[in-house]
Amino acid sequence: MPSGSANKPGDVVTAMNGKTIEIDNTDAEGRLILADALCYASKLNPLAIIDVATLTGAMDIALGQGATGVFTNSPTLWHCIFQAGFDCGERMWRMPFYKHYSEQIESDVADLRNTGKKRSAGSCTAAVFLKEFVDAKHWAHFDIAGVMDNSANAIPYLNKGMSGRPTRALVEIARELAVNKLD
């Protein structure tokens, strides 16, 4: 711990929306910050929110560099995301929001835990955690942990380093939403 006031397992913190969170894993600190960012964005009453994060190593395990993992509460937004990815050559894969994943972040001492009770489905439990902080009809979370960089083996014609994925798809999504508004 860098100081005595650092978060440690067993602590309970309160998010911007008043929900309490049991700290189970201090390595899952990014989702705590993103949760408050999503609360703040929701207060601005946007029609849609899209967040992008290298949130979980589990996404890299699940999809590798093959596709960006996308979690969304909106079939309409998903259609736009999928089409934008297809149009610019950036594969998107919709990930599930099953009730089972929400049960994994239940806590006995707080409203929820910052990680799942079990190790499996880490990207899914992270996404259902984030969903608790969004108040928008159309929301999508892109977990880009698997696609953020270029490895010599996965995409041999690209140089090593950061890939910039899914920037082209985000530009296409913005273009599409500027013309065809979500309902």
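Leaving aside its neighbours within four places in sequence, which residues is Gly85 in contact with? Glu90, Met92 and Ala169 make up the answer. The model behind that answer is predicted. The overall frame comes next, and then the residues one by one.

The protein has 183 residues, and a compact globule of that length would have a radius of gyration near 16 Å. The protein comes to 17 Å, which agrees with the globule value. Along the principal axes, its C-alpha trace spans about 45 × 40 × 30 Å. The secondary structure consists of six helices and nine strands.

How much of the protein counts as buried? The share is 43% of the 183 residues. The accessible surface is about 10,000 Å². Carbon and sulfur atoms hold 52% of that surface. Sequence-distant pairs feature in the contact list: of the contacts with a separation of 6 or more, 68% are between residues 24 or more positions apart. On the charge side, the protein carries 18 positive and 21 negative side chains. The centres of these two sets lie 3 Å apart.

One annotation comes from a record. An unreviewed UniProt entry places "domain: Cytosol aminopeptidase" on residues 25-32. In the model, this span is 38% helix and 0% strand. Its end C-alpha atoms are 11 Å apart.

Now back to Gly85. This residue sits in helix H3, which runs over residues 75-88. Is Gly85 buried or exposed? Its relative accessibility is 1%, so Gly85 counts as buried, the cut-off being under 20%. Pro166 is 81 residues away along the chain, yet the C-alpha atoms of Gly85 and Pro166 are separated by 8.1 Å.

Met92, one of the contacts of Gly85, belongs to strand E5 (residues 92-94). Met92 is buried because its relative accessibility is 5%. Beyond four places in sequence, Met92 touches Ala67, Thr68, Val70, Trp78, Ile81, Phe82, Gly85, Phe142, Pro166 and Ala169. Pro166 thus appears among the contacts of Met92, and Ala169 is listed for both Met92 and Gly85. Trp78 is another of the Met92 contacts. The C-alpha atoms of Met92 and Trp78 are 9.4 Å apart, with their positions 14 residues apart in sequence.

Helix H3 also holds Leu77. With a relative accessible area of 0%, Leu77 is buried. What does Leu77 touch, not counting residues up to four places away in sequence? The set is Ile49, Ile50, Thr72, His138, Trp139, Ala140, Leu177 and Leu182. Ile50 is 27 residues from Leu77 along the chain, and their C-alpha atoms are separated by 9.5 Å.

The next stop is helix H4, residues 99-104, where Gln104 is found. Gln104 is buried, because its relative accessible area is 10%. Setting aside neighbours within four places in sequence, Gln104 is in contact with Arg113, Thr115, Gly116, Lys117, Lys118 and Thr125. The C-alpha atoms of Gln104 and Ala121 are 9.5 Å apart, and the two residues are 17 positions apart along the chain.

Ala121 leads to the backbone. It lies in the loop between strand E6 (112-113) and helix H5 (122-131). Its phi is positive, about 60°, although Ala121 is not a glycine. At 29% relative accessibility, Ala121 counts as partly exposed.

Helix H5 follows. Nine of its ten residues are buried, so H5 is largely enclosed by the rest of the structure. The buried residues are Gly122, Ser123, Cys124, Thr125, Ala126, Ala127, Val128, Phe129 and Leu130. Thr125 has already appeared, as one of the contacts of Gln104.

Asn45 offers another positive phi in a residue other than glycine, near 55°. Its place is the loop between helix H1 (30-43) and strand E3 (48-53). Is Asn45 buried or exposed? The relative accessibility of Asn45 is 66%, so it counts as exposed.

Conventions
Residues numbered from 1 in each chain as written. Predicted model: local features only at pLDDT ≥ 70, side-chain atom pairs only at ≥ 80, totals over all residues. Heavy atoms only, no water. UniProt positions renumbered as here; feature names shortened; annotations may be inferred. Helix = DSSP H or I, 4+ residues; strand = E, 2+ residues; numbered from the N terminus. Rg over C-alpha atoms; globule rule 2.2 N^0.38 Å. Buried < 20%, exposed > 50% of the residue type's maximum accessible area, 1.4 Å probe, protein only. Contact = heavy atoms within 4.5 Å. Areas by Shrake-Rupley, 256 points an atom, 1.4 Å probe, with all protein chains shown as cover. Lys, Arg positive; Asp, Glu negative; His and termini not counted. Charge placed at Lys NZ, Arg CZ, Asp CG, Glu CD.
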